[in-house]
Amino acid sequence: MTDRLAGKTAVVTAAAQGIGRAIALAFAAEGAKVIATDINAGALAALEGTPGITPRVLDVTSPEAIAAFAAETGAPHVLANAAGFVHAGTILDCDEAAFDFSVTLNVRSMYRLIRAFLPAMVDNGGASIVNIASVASSVIAAPNRFIYGTTKAAVVGLTKSVAADFVTRGIRANCICPGTVESPSLDQRMRALGDYETARAAFISRQPMGRLGTPEEIAALALYLASDESAFMSGQALVVDGGWSNI
Ligand code: NAD
């Protein structure tokens, strides 16, 4: 452990698994006091006893739960928004309910959390907001990711807007655009396609590097953005995708 986040508090959403969990662990390993939140209490329990981490159940689609959480927590120095859902299909597969679900979980949750914490973060002298978008967004399109790509492009716009409006008040906001990253939900998506090995090979082939990314590789950038090492940086969408969007 080093101390790149010593003295800082951090809130991380979707921290029970995948990228969110790796971010919570990376922040805690660098000295932050981390409130690791997720809707899945069972999976979150695995973080009990990890030094620096306090697990807490939070459904980021609930405005009441977010308001209560913000009132109880006060202003964190770092807010990492990792909650998101991948809907599969084109615009014709995306009915109104699917559209609303993805907008609410992928975008409105970030709007609500940032809005709940921002006044206190400003009063507290500033904060770094790190949102998890995707390379499937305003960067590139991925087939059959209509509402996912739409919402992740919105995350890029949301991040840039917050960064622009609060740049003089100590608030930095950046987002990360990962390519294909090993995670429990990616594994489920591969299994859902039937032939697991063929599906895995197809997901791997999207990256010219010939492999999937790891949650730790995304967490390393989140750590940089959370820390004062990136103090001169705001409003950016940073791609970590094994070269996918470069071809
Ligand atoms: P994941 O999809 O495996 O896990 C998501 C977590 O979110 C779970 O722990 C789940 O319980 C939690 N969650 C779901 N609904 C929630 C809610 N309403 N409130 C709070 N938590 C909730 O993790 P992942 O694949 O690492 O994805 C994390 C983020 O990274 C997402 O925003 C995703 O879109 C983004 N992302 C992932 C990849 C990838 O290939 N894995 C690529 C680009 C972007």
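This is a conversation between a biologist and a modeller about how the parts of a predicted model are named and sorted.

Biologist: Let's start with the sheet. How many strands does the open sheet have, and in what order?

Modeller: Seven strands, in the order β3-β2-β1-β4-β5-β6-β7, and the pairing is parallel. From one strand to the next, the twist averages 20°.

Biologist: What makes β3 and β7 edge strands?

Modeller: Each of them pairs on one side only. That is true of β3, residues 53-57, and of β7, residues 237-240.

Biologist: How do you know that β4 and β5 count as a pair?

Modeller: Two strands need at least two bridges between them to pair. Strand β4 (residues 78-81) and strand β5 (residues 127-132) have four bridges, in the parallel sense. If you want to find one of the bridges, look at V78, whose partner in β5 is S128.

Biologist: Which helices lie on those strands?

Modeller: Helix α4 packs on the sheet, touching β1, β4, β5 and β6, and its direction makes about 170° with that of β5. Helix α1, residues 18-29, lies across β1, β2, β3, β4, β5 and β6, running at about 170° to β1.

Biologist: Now for helix against helix. Why are α4 and α5 called roughly parallel?

Modeller: Angles under 35 degrees count as roughly parallel. The axes of α4 (residues 96-123) and α5 (residues 146-166) cross at roughly 15° and come within 9 Å. So α4 and α5 are roughly parallel to each other. Their crossing is right-handed.

Biologist: Which residues of α4 and α5 meet?

Modeller: Among them, F99, V103, M110, I114 and L118 in α4, and F146, I147, V155, L158 and F166 in α5. The residues of this contact divide into 16 nonpolar, three polar and one charged.

Biologist: What makes α1 oblique to α8?

Modeller: The axes of α1 and α8 (residues 215-226) cross at roughly 50° and come within 8 Å. Under 35 degrees would be roughly parallel, and 65 to 115 would be roughly perpendicular. Roughly 50° fits neither of those, so α1 is oblique to α8. This crossing is right-handed.

Biologist: Which residues do α1 and α8 bring to that contact?

Modeller: From α1 come G18, I19, A22, I23, A26 and F27, and they meet P215, E216, I218, A219, A222, L223 and A226 in α8. Sorted by type, that is 11 nonpolar, one polar and one charged.

Biologist: And α6 with α7, why are they oblique to each other?

Modeller: Here the axes of α6 (residues 184-192) and α7 (residues 196-205) cross at roughly 125° and come within 8 Å. Perpendicular stops at 115 degrees, and roughly antiparallel needs over 145. Roughly 125° falls in between, so α6 and α7 are oblique to each other. Their crossing is right-handed.

Biologist: What is the mix of residues in the contact of α6 with α7?

Modeller: Five nonpolar, no polar and three charged. L186, D187, M190 and R191 in α6 meet Y196, A199, R200 and F203 in α7.

Biologist: Let's turn to rings. Why is the pair of F69 and F117 called edge-to-face?

Modeller: Ring centres must lie within 6.5 Å to pair, and planes over 60 degrees apart count as edge-to-face. The rings of F69 and F117 have centres 5.8 Å apart and planes at 90°, so the pair is edge-to-face. This pair links distant parts of the chain: F69 is in helix α3 (residues 63-73), F117 is in helix α4, and they are 48 residues apart. By the same rule, the count comes to two aromatic pairs.

Biologist: Last stop, the loops. What makes A14 and N144 stand out?

Modeller: A14 has a positive phi of about 55° although it is not a glycine. N144 also has a positive phi, of about 60°, and is not a glycine either. A14 sits in the loop between β1 and α1, while N144 is in the loop between β5 and α5.

Biologist: Which other residue can I look up in the loop between β5 and α5?

Modeller: Try I140. Not counting residues up to four places away in sequence, I140 touches V135, W244 and S245. I140 and N246 are 106 residues apart in sequence, yet 9.7 Å apart in space, C-alpha to C-alpha.

Notes. Residues numbered from 1 in each chain as written. Predicted model: local features only at pLDDT ≥ 70, side-chain atom pairs only at ≥ 80, totals over all residues. Heavy atoms only, no water. Axes fitted to C-alpha atoms, helices over the stretch in contact; angles between N-to-C directions. Helix = DSSP H or I, 4+ residues; strand = E, 2+ residues; numbered from the N terminus. Left-handed = near helix turned anticlockwise from the far one by under 90°. Contact = heavy atoms within 4.5 Å. Nonpolar A, V, L, I, M, F, W, Y, C, P; charged D, E, K, R; others polar. Phe/Tyr/Trp six-rings, centres within 6.5 Å; stacked < 30°, edge-to-face > 60°.
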